[in-house]
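Here is the note you asked for on this model. The points below go through it sheet by sheet, then turn to the pockets.

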Amino acid sequence: MMTLPASDTTVTYPAGAVEAVSRVLHVEMRDDGRRVVLLDTTAFHPVDSAWPDQGPDRGVLVAGTRTWPVTDCVVGATDGTTLHLGAGSPVRKGTDGWAFVVVHVIEGSRSEPDGGPAEGDEVVVRVDATHRVAVSAGHTGCHLASLALNRALSGRWKKDVAPDALGAPNFDALAIDTTVIGEFGSVDRYRLGKSLRRKGFVVEDLDTDAIAAEVDATLAEWTATGASISIEADGPGLTDRRRWVCGLPGERAEIPCGGTHLTSLAGIDVAVRLELDDADGTPVLQMDTRVAVPGPS
């Protein structure tokens, strides 16, 4: 029986990989009936319970003629004695003395001895590339739209606040409530409550149609450049810091990000829809972002 890993999983999805050859480090059946597999290297993007904006990749693990669908993929943590999954982790990512791992959940049960790969096996990780591109488009569009929204709202601040990657007041960071990234789009909800007003943001008389038109105009200008996109990483481990980098007209946008993205803005179209809502007496601004990408040539 192999012990639990002492170091973070090596991840290749930040560079766009959808396949990896890997060694199985640990397999266990959980009390809830799930069979989980830890690998030394993976191309699977896991969902992070601390900020679950981008969900897990889809795909399979393959060993010879055997294939196991990955039904879920989450960030786990281990101190070498116990494996904690998702929100069940007692520590934050990066805590000294802990390894942070990509946990692949596969089908199987205790009554099926051969229900999954064994520790020490070599497996091939294969990610659903079509789904990856669709979600990556959604994530790229989400970043672009948030920057364009910050710019469109920059004149509504009465106080100085922290700037975004392009120097505009960072409304997105200060007001964000939830972000959900899906295939070819995302939904961001911003709370416009007392806390934001105290920071100096003027909520009154928001014209969502006019703001959306301004955001769309900025997005059209940016996407017309076809600028390249890259992920810069401090290292190959799951918890190594990574940054989304895009060269916009006369500017370089750099945003901390652990997700997956397109490799350029070439041919894509990004547009938003803004709506004001009410959540228990607090105004909420919702931004729906849609991304169209070029079809196969």
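**Notes on strands, helices and pockets**

1. Start with one pair of residues. Val245 has Glu254, in strand 14, as its bridge partner. The model is predicted, so read every value here as computed from that prediction. The two strands behind this pair are strand 13, residues 242–248, and strand 14, and 6 bridges join them in the antiparallel sense.

2. That pairing belongs to an open sheet. The sheet has 3 strands in the order 12-13-14, with antiparallel pairing. Strand 12 (229–233) and strand 14 (251–256) are its edges, each pairing on one side only. From one strand to the next, the twist averages 25°. As background, strands of a sheet pair through backbone hydrogen bonds, either parallel or antiparallel.

3. Next, look at what lies on this sheet. Helix 1, residues 129–152, lies across strand 12, strand 13 and strand 14. Its direction is at about 65° to strand 13.

4. Helix 1 also meets a second open sheet. This one has 4 strands in the order 10-11-16-15, and the pairing is antiparallel. Strand 10 and strand 15 (269–279) are the edge strands, each with pairing on one side only. Here the twist averages 15° from one strand to the next.

5. Inside that sheet, strand 10 pairs with strand 11 (residues 185–191). The sense is antiparallel, over 6 bridges. Val180 stands opposite Val187 in strand 11.

6. Which helices touch this sheet? Helix 1 lies across strand 10, strand 11, strand 15 and strand 16 (282–292), and runs at about 145° to strand 10. Helix 4, residues 208–223, packs on the sheet as well, touching strand 15 and strand 16. The direction of helix 4 makes about 155° with that of strand 15.

7. Now go back along the chain to strand 6. Strand 6 (residues 66–78) pairs with strand 5 (residues 59–63) over 5 bridges, in the antiparallel sense. Val62 stands opposite Thr67 in strand 6. The two strands form a hairpin with 2 residues between them. In the turn, Gly64 has a positive phi of about 65°.

8. Strand 6 has a hairpin with strand 7 too, with 4 residues between the strands. Gly80 takes a positive phi there, near 100°. The pairing of strand 6 and strand 7 is antiparallel, over 3 bridges. Thr78 stands opposite Leu83 in strand 7.

9. What else pairs with strand 6? Strand 8 does: the two run antiparallel and are joined by 8 bridges. Among the paired residues, Gly76 has Val101 of strand 8 as its bridge partner.

10. One loop residue deserves a look. Ser89 is in the loop between strand 7 (83–85) and strand 8 (99–106). A polar atom of its side chain lies 2.9 Å from the backbone oxygen of Val91. Beyond its neighbours within four places in sequence, Ser89 is in contact with Ala77 and His84.

11. Where is the largest pocket centred? Trp51, Arg242, Pro256, Cys257 and Gly258 lie nearest its centre, out of 38 lining residues. The space in this pocket is about 1100 Å³. Helix 1, helix 2 (171–175), strand 10 (176–182), strand 13 and strand 14 each give two or more residues to the lining. Helix 1 gives the most, with 6 residues. By class, the lining divides into 15 nonpolar, 12 polar and 11 charged residues.

12. The second largest pocket has a volume of about 350 Å³. Its lining has 21 residues, and Val133, Ser136, His261, Leu262 and Thr263 lie nearest the centre. Helix 1 and strand 12 each supply at least two lining residues. The largest share again comes from helix 1, with 4 residues. The classes here are 13 nonpolar, 7 polar and 1 charged.

13. To close, follow helix 1 through the model. Helix 1 lies across strands 12, 13 and 14, and also across strands 10, 11, 15 and 16. Helix 1 gives the most residues to the lining of the largest pocket, and the largest share of the lining of the second largest pocket.

Methods
Residues numbered from 1 in each chain as written. Predicted model: local features only at pLDDT ≥ 70, side-chain atom pairs only at ≥ 80, totals over all residues. Heavy atoms only, no water. Pairing = 2+ DSSP bridges. Axes fitted to C-alpha atoms, helices over the stretch in contact; angles between N-to-C directions. Contact = heavy atoms within 4.5 Å. 1 Å grid on protein atoms, 1.4 Å probe; cavity = no way out; pocket = protein on both sides within 12 Å on 5 of 7 lines; lining within 4 Å. Points joined across faces, edges and corners; volume = space filled by probe spheres on them. Nonpolar A, V, L, I, M, F, W, Y, C, P; charged D, E, K, R; others polar. Polar contact = N/O pair within 3.5 Å; in protein donor to acceptor, adjacent residues only side chain to side chain.
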